[in-house]
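Hi,

Here is the structure I said I would pass on. Have a look when you get a minute, and my notes are underneath.

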Amino acid sequence: MLVTDSDRLQADVVAIVDRHHRDRSALLTILEEIQHCQRAVTPFAQQVVADLLHLSPSQVASVVSFYGFLETQPRGRVVIRLCRTISCQMQGTQRIARQLENDFGIRFGETTPDGAVSLGWAHCLGMCDRGPAMLVDDHLYTEVTPEQVHTIVADARRAAGLPIH
Ligand code: FES
């Protein structure tokens, strides 16, 4: 029997939902795990989750759209999120953003053509007195300077097994 990409994606989602005993109260955790596994919670994955948990697709979609950390399109292998809330803005977010966009040749909301790095915005990361704050995958950096960006990103690329430019 031919196994398609959709079959594989569906099997991954089923395994994750089953690991949580098809418990609706674990919906957010399930969605986070799907994103970790598939680098996004696509409309297809949302539909599979909705079917398994007996929810409507719009209920699942509303959770996905509410949480800024959940994406509907595949992200890069390294995801960089820069806080753009007011305290960080006052401490230099725009300079960091320009440095990142120059380094990667993409704008915020985009992924590099090789699928390596995505740039995105975050809302307050709870480090307002130590801005600008930036998340690189699960690692939080504070008081980031443009000069530190190269090192931080190189470390993240190394951790993800990507070549260092
Ligand atoms: S405003 Fe950026 S961490 Fe709070």
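Below is what I found, starting with the overall layout and then going into two spots.

Keep in mind that this is a predicted model. The domain assignment splits the protein chain into domain 1 (5-66) and domain 2 (78-159). Between the C-alpha centres of domain 1 and domain 2 there are 28 Å.

I spent some time on helix 6, which covers residues 93-104. Its twelve residues reach 17 Å from first C-alpha to last, close to the 16 Å expected at 1.5 Å a residue. Which residues of helix 6 are buried? They are Thr93, Ile96, Ala97, Leu100 and Phe104. These buried residues cover an arc of only 100° around the axis, so they sit on the same side of helix 6. Over on the other side, Gln94, Arg98 and Asn102 are exposed. The cover for the buried residues includes strand 1 (78-83), strand 2 (117-122) and strand 3 (134-136), along with helix 5 (86-90) and helix 7 (146-159). Right after helix 6 comes Gly105, with a positive phi near 70°.

The other spot is Gln46, in helix 3 (residues 43-53). Why does Gln46 count as buried? Because Gln46 has 23 C-beta neighbours inside 10 Å, and 20 or more make a residue buried. Leaving out residues up to four places away in sequence, Gln46 touches Val41, Pro57, Val60, Ala61 and Val64. Take Val64 from that list: Gln46 and Val64 are 18 residues apart in sequence, while their C-alpha atoms are 8.5 Å apart in space.

Cheers

Terms used. Residues are numbered from 1 along each chain as its sequence is written. This is a predicted model: local features need pLDDT of at least 70, side-chain atom pairs count only at pLDDT 80 or more; totals for chains, interfaces and linings use all residues. Domain bounds come from an automatic or database domain assignment. Helices (H or I, at least four residues) and strands (E, at least two) are DSSP runs, numbered from the N terminus. The expected span of a helix is 1.5 Å times one less than its number of residues. A residue is buried if 20 or more other C-beta atoms lie within 10 Å of its own, exposed if 12 or fewer, and partly exposed in between; C-beta atoms are placed from the backbone. The arc is that of the directions from the helix axis to the C-beta atoms. Two residues are in contact if their C-beta atoms, placed from the backbone, lie within 7 Å.
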